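Colleague: I'd like to learn how to read the pockets, patches and salt bridges of a protein model. Could you walk me through one?

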Amino acid sequence: MGKKHKDGKDAKKSKKKKSHDDVSGAGLASAVVNAARSMRTVLSRNLLATGLYAGQDGVILALSEKGGLTAGALATRLGVKAPTMTRTIGRLEAQGFVERRPDEADGRLTVVHLTESGRATVETITEAGRLSEEQAAEGLSEKDVRQLLKLLRTMDENLHANLPDGPRNGEKPVAEDI
């Protein structure tokens, strides 16, 4: 017979409904941020040969996948603000990886395209990412990695579901609530 809590409920069943209060303050946010920083550092180190900096790889990969994109579309796709993307595109353009051209359908828009040099870095970026992931997953089984991915996706969905689009109807911005 299984263990029973004071309230008579089966201990195994109650674990599934366990509150997360007992792990709050355990540093979940800090652990996720530190792991992400470490991953970015390793990826940046693995990208050194290409001459790219952190964040630039995502722009090149997005352009290689989708073709030409506006700065706004790139910013949205990569989850950064427009001014950040504009600076990143400027740097990539100065390095010869991308070029800006007027949109063929709407001349008011500027579309970012990979240059031949930019296209030549895609394979190296992909390999740098693979090596970084391999290093991060060292000592983890395939099952562990699948579970970690599932958990991280769930966390991301939870956090996105709670993001405000901005203050509405007199609500305070989130930062003021803290």
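Modeller: Sure, we'll go through pockets, then a surface patch, then salt bridges. Keep in mind that this is a predicted model.

Colleague: Pockets first, then. What volume does the largest pocket have?

Modeller: The largest pocket comes out at about 1400 Å³. It has 32 lining residues, and the ones closest to its centre are Ala-35, Ala-36, Met-39, Arg-40 and Leu-152.

Colleague: Which helices supply at least two residues of that lining?

Modeller: That list is α2, α3 (56-66), α5 (82-94), α6 and α7. Of these, α7 gives the most, with 9 residues.

Colleague: And how do the lining residues of the largest pocket divide into nonpolar, polar and charged?

Modeller: You get 19 nonpolar, 8 polar and 5 charged residues in that lining.

Colleague: Okay, what about the second largest pocket: how much space lies in it?

Modeller: About 240 Å³. Here α2 and α7 are the elements that give two or more residues to the lining. The largest share is from α7, with 5 residues.

Colleague: Which residues line the second largest pocket?

Modeller: Leu-28, Ala-29, Val-32 and Val-33 are among them, and so are Leu-151, Thr-154, Met-155, Asn-158 and Leu-159. By class, that makes 7 nonpolar and 2 polar residues, with no charged ones.

Colleague: Let's move to the surface. Which residues make the nonpolar patch?

Modeller: To join a patch like this, a residue needs over 30% relative accessible area and no salt bridge. In this model Leu-28, Val-32, Leu-140, Leu-148 and Leu-152 make a nonpolar surface patch of about 400 Å². Both α2 (28-47) and α7 (142-161) supply at least two of the patch residues. Some names come back here: Leu-28 and Val-32 also line the second largest pocket, while Leu-152 is among the residues closest to the centre of the largest one.

Colleague: Where is the place of Leu-140?

Modeller: Leu-140 sits in the loop between α6 (116-136) and α7. Its relative accessibility is 39%, so Leu-140 counts as partly exposed.

Colleague: Now the charged side chains. What's the general idea behind a salt bridge?

Modeller: Side chains of opposite charge can pair when their charged atoms come close. The cut-off used for a salt bridge is a nitrogen-oxygen distance within 4 Å. This structure holds 9 of them.

Colleague: Can we look at one? How far apart are the closest N and O atoms of Glu-99 and Arg-101?

Modeller: They are 3.0 Å apart, and the two residues form a salt bridge. Glu-99 is partly exposed at 32% relative accessible area, and Arg-101 is partly exposed at 35%.

Colleague: Which residues are linked in a network of salt bridges?

Modeller: That's Glu-127, Arg-130 and Glu-134. Arg-130 meets Glu-127 at 2.7 Å, N to O, and it meets Glu-134 at 2.8 Å.

Colleague: How many residues apart are the partners along helix α6?

Modeller: Glu-127 and Arg-130 are 3 residues apart in α6, so about one helical turn separates them. Glu-134 and Arg-130 are 4 residues apart in that helix, again about one turn.

Colleague: Are those three side chains buried, partly exposed or exposed?

Modeller: Partly exposed is the label for Glu-127, at 35% relative accessible area. Arg-130 counts as partly exposed at 40%, and Glu-134 is partly exposed at 48%.

Methods:
Residues are numbered from 1 along each chain as its sequence is written. This is a predicted model: local features need pLDDT of at least 70, side-chain atom pairs count only at pLDDT 80 or more; totals for chains, interfaces and linings use all residues. Side-chain values use heavy atoms; hydrogens and water are left out. Patches are made of residues with over 30% relative accessible area and no salt bridge: like charges are joined within 9 Å, nonpolar side chains (Val, Leu, Ile, Met, Phe, Trp, Tyr) within 5 Å. Accessible areas come from the Shrake-Rupley method with a 1.4 Å probe; for residues, only the protein chains shown count as cover. A salt bridge is a side-chain nitrogen of Lys or Arg within 4 Å of a carboxyl oxygen of Asp or Glu. Buried means under 20% relative accessible area, exposed over 50%, partly exposed in between (1.4 Å probe, protein chains only). On a 1 Å grid over the protein atoms alone, a cavity is a set of points where a 1.4 Å probe fits but cannot get out, and a pocket is an open set with protein on both sides within 12 Å along at least five of seven lines; lining residues have an atom within 4 Å of a point. Grid points are joined across faces, edges and corners, and a volume is the space filled by probe spheres set on the points. Ala, Val, Leu, Ile, Met, Phe, Trp, Tyr, Cys and Pro count as nonpolar, Asp, Glu, Lys and Arg as charged, and the others, Gly among them, as polar.
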